[in-house]
Amino acid sequence: KTSRYMARPVIQVIPDNPLDDESRSRSTRVEDGINVGGYEMERRGGGDVWDRTVLDSVLLDMGVQRIVSGQDVHWKDIVDRDKAVESGESKETKFDPVIDKEGRTLYKREHGIPLNKDYVPLEFFLPFYDGKSLSFSFEIEERSLYSVLQNPLFKNPVGSKTLHGLNLGPDGGLSQTVNVIHYGNDNFHSYWLGGPGANSGNNKYPRITPNTSTYTGMLEPLHAYEHGIGRSIYNTVGGRYGGWKTDKNRIEAIGKSIMELSQAADEIISQVFTNVRARYWPNLNFKMDPEARGFGVGNSKQEAPKVKEGESIVTFIGEEISTIFKAEDDPMVMWIFDQIQMQIGKLGGSAVLFGQRAPGVDTGYNQAIQQTQAESLDNKQEQHLQAGAEEEALIISLYAKKIGEPIDMCYIEEEKKTKKKSVKYAVLDPKDLTPMPRFSAQVRKQRPIDYIAALRAFREATDDRGGKGPALSDETGREELLG
């Protein structure tokens, strides 16, 4: 199901007045700035933040992203120089981005948007909702002690006091992990040290099932700041049931049901394997000629010859070797597997969208009904992913307004016909974000069959119908059928 969605959503900005040139230009500038900035944030986050968020949204009904400002890191020279100017200090530097406007623009183009986006596993995200609004939240993040000590964010008087005196070990803290607790609300974001991590001594290698840890005691502060965007820095992307707003969600029952069905399938497979070994393991029946072989002591029957795997034996004419139990299909086993597959398809989403027929569906009519049902569930998922992508665009825009100056970026553009690549520039200007524009997002590309179906419907709807006139005008057909 995740293969249906794009690796990065495409943000669209709706112009206030489609007939006004300046309004359209403003929407285009904001679109370019957010899409280019979103790509840069995705690249810094490992290139798969959105993919993993979509996977959690499909599988667990909610994916989580953390979007924070990295202005002190990505624009370090600008921030340091601005602070020096504000404090009245005058330092001669080879590069002075505050005085040299052109140099400031080039510096920002080189370093890109000063925002970071990270994927947050849902099981480590603890939100507290007041109705539908996220009042505050906690996040548990496990880091190596070495990375915590090297983080410049924590090299402040409070963080240095907390980290002072920690036992690093002979490797400088590489094999030790600690829990960093994030706390965030509409105004502040803070980091706290929460005791040793669960994977200390084994964090060099990936673990399929991470350990759980418990910690009792006071959290030690590391760093806190006012993010200034007036909302949570976490972007929660709901699944088909809308995400986890309380401690209950329909996806929980579905997950348990899928696990029970998977366990039932595992038990059936185990029984089938046991049955195959017991019945079809080579139990051979030797038909011997007593006149040729004779009898044993006291006219007893001859012992059956021992036949090892791959060994050749000699038999007399007329003798025969055959298996006692003949291999045959068990229709009950296949029926049970079909039932389990059908139930998992109902719970987790049917694969008929990709051309696979469900068990028992033999006609095109029934297949079309199942496709309609599957597309209905998929449309709900797409709507919530669109809302999540639009929220991401809103958070980026709020940060841009907080920064208070144009964010210059460069990107690579490829011409469709010639495939020639060139460097282009995008600017996300806070002036274009007042008032805040309306966002829309595309998270899924249409399938080739969707284009064919839309073109066929358009042609039939706008056909002259033998002189009676078309059912729809070309303009209406383009808008309603071709989008």
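Over how many bridges do β5 and strand β6 pair, and in which sense? The two strands, of which β6 spans residues 177–185, pair over nine bridges in the antiparallel sense. One position in this pairing is easy to find, since Arg 143 stands opposite Val 178 in β6. The model discussed here is a predicted one, and the paragraphs below begin with the whole chain before returning to its strands, helices and side chains.

The predictor's confidence has a mean pLDDT of 82 over the chain, and 85% of the residues reach 70 or more. One stretch falls well outside that range: over residues 203–209 the pLDDT stays under 50. For this stretch the model has six contacts beyond four places in sequence. The chain has 483 residues, and 33% of them count as buried. Its secondary structure comprises 13 helices and 14 strands. The fold brings together residues that are separated in sequence: among contacts between residues at least 6 apart, 69% join residues at least 24 apart. The accessible surface of the chain is about 30,400 Å², and carbon and sulfur atoms account for 54% of that area.

The strands may now be followed further. Strand β5 covers residues 133–144, and six bridges join it to strand β4, residues 125–130, with the two running antiparallel. Within this pair, Pro 127 stands opposite Ser 137 in β5. β4 and β5 form a hairpin with two residues between them. In the turn, Gly 131 has a positive phi of about 75 degrees. Strand β5 thus takes part in two antiparallel pairings, one with β4 and one with β6.

A second theme is the pairing of charged side chains. Side chains of opposite charge can pair when their charged atoms come close. The structure holds 22 salt bridges. In one of them, the side chains of Glu 42 and Lys 117 meet at 2.8 Å, N to O. Glu 42 belongs to helix α1 and Lys 117 to strand β3 (residues 115–120), so this pair ties together parts that are 75 residues apart in sequence. How much of each partner is accessible? Glu 42 is buried, because its relative accessible area is 4%, and Lys 117 is buried because its value is 1%.

Helix α1, residues 21–44, also contains Glu 40. This residue counts as buried because its relative accessibility is 12%, which is under the 20% limit for that class. The side chain of Glu 40 is joined to that of Arg 43 by a polar contact of 2.5 Å.

Another salt bridge joins the side chains of Lys 108 and Asp 408, at 3.5 Å from N to O. This pair links distant parts of the chain, with Lys 108 in helix α5 (residues 101–111) and Asp 408 in strand β12 (residues 407–414), 300 residues apart. Lys 108 counts as buried at 4% relative accessibility, and Asp 408 is buried with a relative accessible area of 7%.

Glu 382 and Arg 444 form a further salt bridge, in which the closest N and O atoms are 3.1 Å apart. Here Glu 382 lies in helix α11 (residues 364–403) and Arg 444 in strand β14 (residues 438–444), so that distant parts of the chain, 62 residues apart, are linked. Both Glu 382 and Arg 444 are buried. Salt bridges can also share partners, and in this way Arg 66, Asp 118, Glu 139, Glu 141 and Arg 143 are joined into one network.

The surroundings of Asn 235 show how a polar residue may be placed inside the model. Asn 235 lies in strand β9, residues 234–238, and is buried because its relative accessible area is 1%. Its side chain reaches the backbone oxygen of Gly 388 at 3.0 Å. Beyond residues up to four places away in sequence, Asn 235 touches Gly 63, Val 64, Gln 65, Gly 388, Glu 391, Glu 392 and Ile 395.

The last element to consider is helix α4, residues 76–86, in which Ile 78, Val 79, Arg 81 and Ala 84 are buried. The buried residues of α4 pack against α3 (71–74) and α5. After α4 comes Gly 88, whose phi is positive, near 90 degrees.

Note on methods
Residues numbered from 1 in each chain as written. Predicted model: local features only at pLDDT ≥ 70, side-chain atom pairs only at ≥ 80, totals over all residues. Heavy atoms only, no water. pLDDT = per-residue confidence, 0-100. Contact = heavy atoms within 4.5 Å. Helix = DSSP H or I, 4+ residues; strand = E, 2+ residues; numbered from the N terminus. Buried < 20%, exposed > 50% of the residue type's maximum accessible area, 1.4 Å probe, protein only. Areas by Shrake-Rupley, 256 points an atom, 1.4 Å probe, with all protein chains shown as cover. Polar contact = N/O pair within 3.5 Å; in protein donor to acceptor, adjacent residues only side chain to side chain. Pairing = 2+ DSSP bridges. Salt bridge = Lys/Arg side-chain N within 4 Å of Asp/Glu carboxyl O.
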